[in-house]
Amino acid sequence: AGQSCCSIERIFIHSRVHDEFVRLCKEYIKNNVQIGNPLDEKTTLGPMTLPEAPIKLQSQVEDAVNQGGKVICGGLPSTDENGKGRFFEPTIVTEAQSDFDFMLNESFGPVVGINIAEHDHEAIKLINDTQFGLTASIFTKSANRAESIAKELKVGTVFMNRCEYIDSHLPWTARKNSGKGITLSKYGFHAVTRPKSYNFVFSKSCLLYTSD
């Protein structure tokens, strides 16, 4: 239900493929997303953790619409087939500007904003236009192009052609207001260990012990 720190919340895509991409996203949601009990194997979208989450998400979507965003699907609180639970419909908002509330602040729900970036430099600017910097994903056939873009992104992890995947050999870190620490990899041990220095000078005539 989007309640993951590295869930995709903003998508920037070239105008050449924008309409087809949005159509396929809407179609996928219609055919594959099933709201329900997480213990049910048929469920693909579970409930919101916080009681106030559905109302907050609805408010963010309404704010987006009032500023020109277009809701392609979803946008409302929901229940399961038995009328129980606190859920929110999987939601796509297009023409999502960077100053929309849910684009500025984490929605932490099944809501994604989509906007157009006509070239790499514009995409980099839009991706970096946020107070957060945990992850970013680049979908491309060119590893060189992905690496070039990745160098300009102010995030802790950059994915190519994937998202929400953690490798224990790579440091899990962030930029800006997404956090300052590091976990995983050999660098993750730095936060829970303390270095000790030995500064020795050898002398034949003196042995002295000192302590603070």
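This passage walks through the sheet, the nonpolar cores and the aromatic rings of a predicted model. Residues are numbered from 1 along each chain as its sequence is written. Local features need pLDDT of at least 70 and side-chain atom pairs pLDDT 80 or more, while totals for chains, interfaces and linings use all residues; side-chain values rest on heavy atoms, without hydrogens or water.

A good place to start is the sheet. Four strands form an open sheet in the order 1-6-5-2, with mixed pairing (strands are DSSP E runs of at least two residues, helices H or I runs of at least four, both numbered from the N terminus; two strands pair if DSSP finds at least two bridges between them). Strand 1 (10-13) and strand 2 (70-73) are the edge strands, each pairing on one side only. Strand 2 joins strand 5 (residues 91-94) in the antiparallel sense over three bridges, and Val 71 stands opposite Val 93 of strand 5.

Next comes the interior. The largest nonpolar core has 24 residues, and those touching the most other members are Phe 12, Phe 88, Phe 100, Phe 102, Met 103, Val 111 and Leu 153 (a core is a set of buried Ala, Val, Leu, Ile, Met, Phe, Trp, Tyr and Cys residues joined through side-chain atoms within 4.5 Å; buried means under 20% relative accessible area, exposed over 50% and partly exposed in between, with a 1.4 Å probe and protein chains only). A second, separate core of eight residues includes Val 22 and Ile 29.

Finally, Tyr 198 and Phe 200 are both exposed.
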